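Q: Please take a close look at how one pair of packed helices sits together in this model, and then follow the chain outward from there. Which residues are involved, and are they buried or exposed?

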Amino acid sequence: MDESARGIYRTKGFGARQGAGEHPALLIVDFALGFTAEQSSPLRCDCDSALAHTATLLEAAREQSLPVIYTTVAYDELGRAAAAAFIAKVPALALLEPGGRWTQIDPRVAPRRGETVLTKLFTSAFFGTPLAPLLHGCGCDTVIVVGNSTSGCVRATVVDAMQHGFRVLVPREAVADRAASAHEASLTDMDAKYGDVVSTAEAVALIRGVAARQARAAIA
């Protein structure tokens, strides 16, 4: 990440660690085929490495029976009207039609039966969706956010997660963007203000550590 920016934030008192709670969930933001796989999609960015790291996190989360929630983006006629200002900025979004191939989750991290897929119209996974009550209903206090794109939907989701009272972890290798500068700047900004940017290995260790602590507490 941008060390000069991090240095400025540190001298101003930003960038303290939130740490994680005891009940994390894994939130996979917009790893749908229109963003990850289709060469002909104008929305595509290079997500291959981030998808591989997400698959590692997904395996750990499933092993420990953590809640796993996905988002995708799709616009029917009403949705296009509601999101008209957003689509005006990114006209290619109108290509994401309900039931179309581009809205389907990439098979490399495909959801299993019982894992929730939320459809959203805007950047944040929280805006206009039942994500917050779903997480609260599961007893979650921490959200591990991965997905696409770092400077757009991931960042907006991280900000809203914090504003809904959740601790946030962002595994840096499991998020992707179209522009390296936007990716790096957003990681630096999120780490300074909204959540803890960590490695995939650190996030996996956290997932497994939570389960181990819960098991010890049950024995005690």
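A: For two packed helices, the axes are lines fitted to C-alpha atoms over the stretch in contact, and the angle between their N-to-C directions runs from 0 to 180 degrees. The model is predicted.

The pair in question is helix 7, residues 150-163, and helix 8, residues 180-193. Their axes lie 9 Å apart and make an angle of about 15 degrees. Angles under 35 degrees count as roughly parallel, so helix 7 is roughly parallel to helix 8. The crossing of these two helices is right-handed.

On the helix 7 side, the contact is made by T150, S151, V154, R155 and V158. They meet A182, H183, S186, L187, D189 and M190 of helix 8. Sorted by class, the contact holds 5 nonpolar, 4 polar and 2 charged residues.

Just ahead of helix 7 is the loop that follows strand 4 (142-148), and S149 lies in this loop. The peptide bond leading from N148 into S149 is cis, with omega near -5 degrees.

Helix 7 also takes part in contacts with other parts of the chain. One of these involves S124, a residue of the loop between strand 3 and helix 6 (131-137). The side chain of S124 makes a polar contact of 2.7 Å with the side chain of D160, and D160 falls within residues 150-163 of helix 7. Leaving out residues up to four places away in sequence, S124 touches A156, T157 and D160. S124 counts as buried because its relative accessibility is 4%, and the cut-off for buried is under 20%.

A second link runs through K120, which is in strand 3, residues 116-120. Among the residues that K120 touches is C153, which lies within the residue range of helix 7. Beyond its neighbours up to four places away in sequence, K120 also touches V29, D30, T71, T72, V73, A74, A125 and T129. Of these, V29 belongs to strand 1 (24-29), while T71, T72 and V73 belong to strand 2 (68-73). K120 is a charged residue by class, yet K120 is buried, with a relative accessible area of 1%. Two polar partners of its side chain can be named. The side chain of D30 is 2.8 Å away in a polar contact, and the backbone oxygen of F122 is reached at 2.9 Å.

D30, the side-chain partner of K120, sits in the loop between strand 1 and helix 2 (33-36). At 0% relative accessibility, D30 counts as buried. D30 is not a glycine, but has a positive phi of about 60 degrees. S65 likewise has a positive phi of about 60 degrees without being a glycine. The place of S65 is the loop between helix 3 (48-63) and strand 2. S65 counts as exposed, at 64% relative accessibility, whereas D30 is buried.

F122, whose backbone oxygen is reached by K120, leads to Y75, because Y75 touches F122 by the contact limit of 4.5 Å between heavy atoms. Y75 is found in the loop between strand 2 and helix 4 (77-82). With 0% relative accessibility, Y75 is buried. Not counting residues up to four places away in sequence, its contacts include R80, A83, F86, L93, E97, P98 and L121. L96 is another contact of Y75; the C-alpha atoms of Y75 and L96 are 6.0 Å apart, although the two residues are 21 residues apart in sequence.

I87 is also in contact with Y75. I87 is in helix 5, which covers residues 84-89. Outside its neighbours within four places in sequence, the other contacts of I87 are R80, L93 and A94. I87 counts as buried at 13% relative accessibility. I87 and Y70 lie 22 Å apart, C-alpha to C-alpha, at a sequence separation of 17 residues.

The loop between helix 5 and strand 3 contains G100. G100 is partly exposed, with 25% relative accessible area. Its C-alpha atom is 9.8 Å from that of L33, a residue 67 residues apart from G100 along the chain.

Conventions
Residues are numbered from 1 along each chain as its sequence is written. This is a predicted model: local features need pLDDT of at least 70, side-chain atom pairs count only at pLDDT 80 or more; totals for chains, interfaces and linings use all residues. Side-chain values use heavy atoms; hydrogens and water are left out. Helices (H or I, at least four residues) and strands (E, at least two) are DSSP runs, numbered from the N terminus. Buried means under 20% relative accessible area, exposed over 50%, partly exposed in between (1.4 Å probe, protein chains only). A polar contact is a pair of N or O atoms within 3.5 Å; within protein, one must be able to donate a hydrogen and the other to accept it, and residues adjacent in sequence count only if both atoms are side-chain atoms. Angles under 35 degrees count as roughly parallel, over 145 as roughly antiparallel, 65 to 115 as roughly perpendicular and the rest as oblique. A crossing is left-handed if the near helix is turned anticlockwise from the far one by less than a right angle, and right-handed if clockwise.
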